Amino acid sequence: MDTVNSNEQRRIAIIGGGPGGLTLALILQKHGIPAVIYEREQEDKSHERGGSLDIHEDSGQLALKEAGLYEAFQQAARYEGEDFRLMDKTGEIYIDEVADEDMSEGHHRPEIDRGTLCDLLLNKLDQSKIRYGYKLEKIVSLGAGKTELHFENGNVEVADLVIGADGAFSRVRPLLTDIDVEYSGLTMLELNVTADDHPDLAAFNSRGKMFALDDHKGILGQLNGDGRIKVYASFKVEQDWLDTIRNDKPQEMKAKLLELFHDWNESLQNYIRYAEDVILPRRIYMLPVGFRWERNSGVTLIGDAAHVMSPFAGEGVNLAMLDALELALALVRNKNTAEAIEEYEEKMFKYSSEKADESNQNLILCFSDHAAPNLANLMQSYHNKYEQQT
Ligand SMILES: Cc1cc2nc3c(=O)[nH]c(=O)nc-3n(C[C@H](O)[C@H](O)[C@H](O)COP(=O)(O)OP(=O)(O)OC[C@H]3O[C@@H](n4cnc5c(N)ncnc54)[C@H](O)[C@@H]3O)c2cc1C
């Protein structure tokens with residue numbers, strides 16, 4: 001089996017141009033290792049996908065440093081976005097953190113909009129290395145570490161190393177395992193409120209995140225850099241609940257949500273009342289905690305494809321970027337592709353299962369009895385631990 005390819009010879013295919021795939025391609029590019037991204041969309045759609053992301057010091061920020069983007073990130077990041085308010089359905093506040101806007105003052109998780117983050121990465125990438133309109137349909141192992149990629153547009157490519165960075169419903173993952181994502185039991189409806197049009201709600205929300213948790217439900221608000229408050233009305237419900245409501249009738253959906261949150265504080269209900277008429281339903285899926293796969297000498301996964309988890313540890317994008325960093329550096333260190341994959345996967349399986357477990361525990365806590373005071377206690381204990389370490 002010849003998997004000892006030099007970096008110049010090996011054809012590296014990255015499936016998916018989300019934050020994970022883009023970070024990987026950029027770090028490889030920086031080290032002179034060519035790779036091609038195949039992205040299913042016709043153009044970058046990151047601005048339309050989800051809201052603000054907090055980028056952690058020990059993962060996402062490390063990857064940005066390696067990619068040569070840390071200063072640009074600091075310019076674009078919103079340090080005040082670390083404001084955090086936690087309350088119950090009556091509006092009783094359990095945590096009210098106000099972030100220091102001075103960026104030298106201990107900022108561990110500044111916020112950036114997903115679109116802005118992806119623009120930073122994209123602007124530094126050699127554009128000839130991104131193929132848009134390439135949706136992977138089928139992947140076939142040819143043996144000896146080589147893999148054939150069949151795209152919906154009819155193109156077929158062969159690669160020496162395929163990296164699945166194609167998110168929760170990865171088309172690469174089935175080559176490595178029969179295990180698939182499971183519905184976590186949580187459904188979130190994403191709404192948007194224009195903050196300037198509703199100064200009362202903007203003040204209530206603060207400059208960052210507001211979590212209201214009670215009765216096994218949640219209203220989460222998050223101010224984005226584009227002036228919108230992204231709202232996630234969240235609740236535990238059967239997987240097919242969404243099939244019972246009409247996606248094309250936002251007024252009906254809002255009425256249904258107001259019914260669900262009928263005994264919540266008026267300001268919290270305003271997150272739904274004030275919302276615009278585009279509502280995005282999201283079922284939250286996850287891979288089992290501790291998920292891993294049989295090693296393949298020419299195929300691996302990063303980001304959500306490798307370990308999609310609920311967003312309740314705020315780790316998804318950070319892990320995708322950390323995976324990109326770890327895999328890129330393993331490829332720089334090892335000319336032998338199989339050895340690089342082994343080095344990366346052994347490290348990644350360990351840290352990702354720890355975070356998947358944390359995310360799962362947080363999901364359970366946030367939708368159990370007394371969620372707001374219990375989450376406040378947990379966050380206080382993390383805070384104390386961090387203070388002791390520094
Ligand atoms: C509601 C919600 C809130 C979240 N909040 C946070 C948060 O606050 N903090 C955080 O860290 N994370 C958060 N996450 C998680 C975070 O969004 C993901 O973990 C992160 O986007 C994963 O990056 P990725 O590059 O692995 O995958 P993705 O961002 O999913 O990108 C995958 C890319 O692959 C492309 N693709 C898919 N299929 C194919 C195919 N067959 N062929 C070619 N291309 C394909 C897609 O078009 C996309 O561009 C949240 C997630 C949700 C749902």
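This report walks through a predicted model of a protein with its ligand.

## The ligand and its shell

Start with the ligand. There are 32 residues around the ligand. Of these, E39, R49, R114, D304 and V317 come nearest. The shell mixes residue classes: twelve are charged, eleven are nonpolar and nine are polar.

Several elements build this shell. Helix α1 (19–30), strands β2 (36–39) and β3 (52–54), and helix α9 (316–333) each supply at least two residues. Helix α9 gives the most, with four residues.

## Backbone atoms at the ligand

Three backbone positions deserve a look. At G20, a polar backbone atom is 2.9 Å from an oxygen atom of the ligand. At G314, a backbone N or O atom lies 3.2 Å from a ligand oxygen. At L136, a backbone N or O atom is 2.9 Å from a nitrogen atom of the ligand. On its own, the ligand has 1,000 Å² of accessible area, and the protein covers 88% of that.

## Annotated binding-site residues

An unreviewed UniProt entry places the feature "binding site" at D54, R114 and D304. Two of these names, R114 and D304, also appear among the residues that come nearest to the ligand.

Take D54 next. D54 sits in strand β3. Is D54 buried or exposed? D54 counts as buried, because its relative accessibility is 11%, under the 20% cut-off. Its side chain makes a polar contact of 3.2 Å with the side chain of H56. Beyond four places in sequence, D54 touches R109, P110, E111, K209, G314 and N318. One of these partners, G314, also has a backbone N or O atom 3.2 Å from a ligand oxygen.

R114 belongs to helix α4, which spans residues 114–124. Its relative accessibility is 22%, so R114 counts as partly exposed; the buried class stops at 20%. Leaving out residues up to four places away in sequence, R114 touches P19, S46, R49, G50, G51 and L53. R49, one of these partners, is listed with R114 among the residues that come nearest to the ligand.

## Helix α7 and its cap

Helix α7 covers residues 266–273. Which of its residues are buried? They are L268, Q269, N270, Y271 and I272.

The N-terminal end of α7 is capped by N265. A side-chain oxygen of N265 lies 2.7 Å from the backbone nitrogen of S267.

## Helix α11 and residue A371

Helix α11 runs over residues 371–389, and A371 lies in it. A371 counts as buried because its relative accessibility is 2%. Setting aside neighbours within four places in sequence, A371 is in contact with L213, L365 and C366.

How far apart are A371 and G50 in space? Their C-alpha atoms are 24 Å apart, while 321 residues separate them in sequence. G50 is also one of the residues that R114 touches.

## The annotated coiled-coil region

The unreviewed UniProt entry also places the feature "coiled-coil region" at residues 327–361. In the model, this stretch is 91% helix and 0% strand. The C-alpha atoms at its ends are 27 Å apart. Helix α9, with residues 316–333, is one of the elements that supply the shell around the ligand.

Technical notes: Residues numbered from 1 in each chain as written. Predicted model: local features only at pLDDT ≥ 70, side-chain atom pairs only at ≥ 80, totals over all residues. Heavy atoms only, no water. Near = heavy atom within 4 Å. Polar contact = N/O pair within 3.5 Å; in protein donor to acceptor, adjacent residues only side chain to side chain. Areas by Shrake-Rupley, 256 points an atom, 1.4 Å probe, with all protein chains shown as cover. Nonpolar A, V, L, I, M, F, W, Y, C, P; charged D, E, K, R; others polar. UniProt positions renumbered as here; feature names shortened; annotations may be inferred. Buried < 20%, exposed > 50% of the residue type's maximum accessible area, 1.4 Å probe, protein only. Contact = heavy atoms within 4.5 Å.
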